[in-house]
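Here's a quick tour of a two-chain model, starting with one chain and ending with how the copies meet. Have the viewer open as you read.

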Number of protein chains: 2
Amino acid sequence: MGVNSNRVEHMDNHETIINFQVMPALQIHAVQLPPQQTTLHKFRHRVSEIFFPDDPLFRFKNQTCFKKFLLALQYLFPIFQWAPQYNLTLLRSDLISGLTIASLAIPQGISYAKLANLPPILGLYSSFVPPLIYSLLGSSRHLGVGPVSIASLVMGSMLSETISYTRDPILYLGLAFTATFFAGVFQTSLGILRLGFVIDFLSKATLVGFTGGAAIIVSLQQLKGLLGIVHFTSKMQIIPVLISVFKQRNEWSWQTILLGFGFLAFLLTTRHISLRKPKLFWVSAAAPLTSVILSTILVFLLRNKTHQISVIGHLPKGVNPPSSNMLYFSGPYLALAIKTGIITGILSLTVSCLLVTYIISFRLTITLIPPNFLVCQEGIAVGRTFASLQNYQVDGNKEMMAIGLMNIVGSCSSCYVTTGSFSRSAVNYNAGAQTTVSNIIMAAAVLVTLLFLMPLFYYTPNVVLAAIIITAVIGLIDYQSAYKLWKVDKLDFVACLCSFFGVLFISVPLGLGIAIAISVLKILLHVTRPNTLVLGNIPGTQIFHNINQYKEALRVPSFLILAVESPIYFANSTYLQERILRWVREEEENIKANNGAPLKCIVLDMTAVTAIDTSGLDTLCELRKMLEKRMLQLVLANPVGNVVEKLHKTKILDSFGLKGVYLTVGEAVADISSSWKAQP
Amino acid sequence: MGVNSNRVEHMDNHETIINFQVMPALQIHAVQLPPQQTTLHKFRHRVSEIFFPDDPLFRFKNQTCFKKFLLALQYLFPIFQWAPQYNLTLLRSDLISGLTIASLAIPQGISYAKLANLPPILGLYSSFVPPLIYSLLGSSRHLGVGPVSIASLVMGSMLSETISYTRDPILYLGLAFTATFFAGVFQTSLGILRLGFVIDFLSKATLVGFTGGAAIIVSLQQLKGLLGIVHFTSKMQIIPVLISVFKQRNEWSWQTILLGFGFLAFLLTTRHISLRKPKLFWVSAAAPLTSVILSTILVFLLRNKTHQISVIGHLPKGVNPPSSNMLYFSGPYLALAIKTGIITGILSLTVSCLLVTYIISFRLTITLIPPNFLVCQEGIAVGRTFASLQNYQVDGNKEMMAIGLMNIVGSCSSCYVTTGSFSRSAVNYNAGAQTTVSNIIMAAAVLVTLLFLMPLFYYTPNVVLAAIIITAVIGLIDYQSAYKLWKVDKLDFVACLCSFFGVLFISVPLGLGIAIAISVLKILLHVTRPNTLVLGNIPGTQIFHNINQYKEALRVPSFLILAVESPIYFANSTYLQERILRWVREEEENIKANNGAPLKCIVLDMTAVTAIDTSGLDTLCELRKMLEKRMLQLVLANPVGNVVEKLHKTKILDSFGLKGVYLTVGEAVADISSSWKAQP
């Protein structure tokens, strides 16, 4: 339809084209080959673009040996960068923020360990050793390190599918440590091999769906604690969980429910206050610890009347026991441990990477994000984002190594998977942390807890932990983003829905698999079916533009100007050939219907054809021949560097001849139409 | 380095830019939004581009109901298209070509069946029923249908890995038919769902490697027959085969070797003749049958002296027995049959699709391709190519349905996987076939053979079949293309090598898997690491081009003009942001070193950014903010239709403001620098 209306227009505007040809000083520029490069040089350039796009060693250039050594030391142990300038003022800020995040980290640690079906004490262990390691190796100043909800959930669900903690606690613990070890090895090797970019393959859209689904699963699981149910399904899908909830109605305990929903309301209110007034971030930061203290006192006072409220019970005193002897490197469960490790490893590296970028841009500044708003999050991205706010650079691959090493050490000291937590980082930042010393302070606070305060948690009711988890994950159900996706990009929205329902109804790892598959498929679909546009001339200029987008753009009679909007690959070469031939056919039918000037020349605007492979080269060649048979000339306009080079190498450039390749569409049209005038 | 030299140049050419700004009639054109479309309309457009890019129903437009019915009939059964005009002249041509391909089809059929570890008679059955079905449903006039080498090899190797024909022939046969059935179902559903484009995902480069490796495997397997070895490994990899050959040296029989290499030399010579003189195509077309006849007579005459030469032996007389009762739709081997079916199905659809396009373009015309030069090939592509030579169109998805139905019917009449064979099609074309009647003639010739001539094959030595297979597959080892790949595209060459060695050392299906994985990885790698180019102005014009490719292109002081050569996706948004910031950093360092005019504005040429997703939008937004903090302006030039639309929807366009988006780089540079002059 667009075709018809435009055709009519350009019939009336015949003079425009004549004008255009008469325009003075029409100089024809030759298309040039890029400078010759050796294969080795190209290869090195390519490798450096793939693995070192951020040029991480640029500071090392033109430096003395000693300076280089110093820089290398600072690169590996960023503590050397800021330690010399450390002073009391900085310490004061770090002390305040360190204690603030400790108050958040202790209840969170206990809750998340329960989420992974691990004994609560492991959450505290994991909040002690990893922050210390990170403060030595990490380069982000504001990152708060500890266990996170999604990684805990995935580890718990994957291990529980095969073995039960209650039946074989030693094996379960061993596998959790082994999985943590492999997560660390995986993260470290991604960093060393500079393959950090693999985490980019989880698109934000699928992650919004995935985390939303996971958050719902986590919240539903908490119904066990919130309702006081004793016999609960170990499955993770929504349907068995709901069945389990309603089948065990006789186990519901009104005392637990009362306590649980009371504190849930309290926590949600504080969350709401912080969301509204970002300056009051400490209200929701302190709420979990307050709830734990209040509920513990309450249960302690009523201990003779409320046997139905389950409590944490005895927690062992003392620091992390070594656990390297518990790692499994053989046996039937090794594969499970490796699989769990890799999935939790990549998840803990990815999820927040995208969540954070998206929060940054959608909510403007980090200060707007209250604690607990996004709890499950990740090192690099968090680091990178804070870094960009404060104008210092963080090397993502380097951070992956730091997080990986932290997990390897953690697995040998009774910790499970840890990473940069978003809620802690946000609190850390808002409380004014200046260096990673705040992590050390937090670890010290956890140490004091471990050594002296453990008996105080005896009467802490499990139901409060459930309420803390629900408050933490509820912000992950991000319906606003989903709505935004729907408005901006329907395909992204479908991807989001698929991973959401995949997690909800199938399983968490499979949901993740679906999310990745959809992300990759989306890329492939885009590559296989690229756009081709018809271009028209904007009167009075040499500019050629999409006639659908620019209504003033006019078709040039006897020319069909097509822009191919993608590299020409094996995956789309057949399609493009068919599509271009169809454009030609439709154009010819149109001309017949309108009695227009016969089509003589097809100009392919190659500006967006940024690469071509051997299949693409063949397609171009074949297309030229097929059009030639129909007495139509095929002309290329503005082929880019490497495309020209390949066309030249395969002698296809020669087959197009001197009058077959132009620098711009404008020059092509002007030159060819003037040559027609010369020899009618 | 390029940066430095250009910087120096543009310092000297300061006047160019002043010139440029003074150029008269600089009209600024606004960037426009594409016309509003409903979601449904967009969705329909998208779906039709994905599934109906060739607009298969364009003939149905504006026709009466009766005409539509007639066209539909002709579409489904192309025989109605040409049958009314069929005459004696056409019949004569078809008769000659039909008999010629029959002479090739009979020995090939027997040989290929042996390649699949099936009884030789199945090769003849498969050359009888499928061609009849195809002549009814197929739309390609020159396609010769029958079993092909690669599909036979893959089926044989996949089934033999689990079960042995000698031990359980009934089960093996049943599974072969079941696999054929599922191959047919798979092909038909691809066609009906119009998913034919999935075969585009096997790139030509990986296929050259794959078929080359498979050809070597097939040839080495033939050493069994060629040397007269009785006890041979059932494995397919190169190492066990070679070990088997040399371990069984005591079984080598000199009579077999003499006969085998004699006929191999004869066949290779005829192949060579036809390769040199395409007009003598019949020399190599007739050679296999001649070899079979001569060797049979020879062995018959010497039958009392040469017991060591193994012969085909008794073949049952009569047409295809029904085999639908032998299909398995349950039991432990069902999964194997489905897997084999899908792999052989997709292989038989793919391999030649690319092989053919590539032969067409590399060897110019089909007449240059002698028979046996490429034996294992495929329907659609062959059809499509011949079609384009003769200027009639073939619908790929329709052809897939025809081939799929042919295999479904075949599986119920004792045939195994068949498809369009390249050698037969080439002979068919060269012998002057006019319609699919030549397939009927061939089937008739095979029928006569099946009914009356089977006893004549009793003394046909197996060694001749081995020689026929080797001659057939030797053309698949395409070292010339591999060399061309090396010269044109190193990455393609690596993909080719990987699939070659994958087939050779691991296994055929895994080799195919590697080939697909590499093809997809190559696309993903390209998407994750797109090019960014620095543009410069070509003096005296408004054209901006890559300063690396065009040495006369000059940088514009205070501007950094970057072209992003890819859609901005979740998979590359982080990279692009880092890379652009690195460009800015390097540019600023350069300016410092050269005391140049300070950088003020970054222009992003968005011409090649053909799509953007939500992550990409966030990246743009964030980038603008980060540059703003450094007092740098970010300007977009020429965003295409759907990118503008999304920028508009997310209000990012508004944040760029009136002076933030231009139609061309030239207008952006001119307008911004003139605004600087106005308010210095």
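Chain A of this predicted model has 29 helices and eight strands. Of its 680 residues, 53% count as buried. Look at the contacts in chain A with a separation of 6 or more, and you'll find that residues 24 or more positions apart account for 82% of them.

One stretch of chain A carries a label: an unreviewed UniProt entry places the feature "domain: STAS" at residues 549-672. Over residues 549-672 the chain is 51% helix and 15% strand, with the end C-alpha atoms 26 Å apart.

Now for the pair. How is chain B laid on chain A? A turn of 180 degrees with a shift of 0.0 Å along the axis does the job, giving an RMSD of 0.0 Å. That's the relation of a two-fold axis. If you want to find the axis from chain B, go to B:Ala608: its C-alpha is the nearest one in that chain, 2.1 Å from the axis. Both copies use the same surface, as 100% of the contact residues of chain B recur in chain A.

As for the contact itself, chain B puts in 71 residues and chain A puts in 71 residues. On the side of chain B that touches chain A, helix α23 (residues 508-528) of chain B gives the most, with seven residues. Here's how the residues on that side of chain B divide by type:

| Residue type, chain B side | Count |
|---|---|
| Nonpolar | 29 residues |
| Polar | 23 residues |
| Charged | 19 residues |

Note on methods
Residues numbered from 1 in each chain as written. Chains lettered and ligands numbered in written order. Predicted model: local features only at pLDDT ≥ 70, side-chain atom pairs only at ≥ 80, totals over all residues. Least-squares fit on C-alpha atoms with pLDDT ≥ 70 in both. Contact = placed C-beta atoms within 7 Å. Helix = DSSP H or I, 4+ residues; strand = E, 2+ residues; numbered from the N terminus. Nonpolar A, V, L, I, M, F, W, Y, C, P; charged D, E, K, R; others polar. UniProt positions renumbered as here; feature names shortened; annotations may be inferred. Buried ≥ 20, exposed ≤ 12 C-beta atoms within 10 Å, placed from the backbone.
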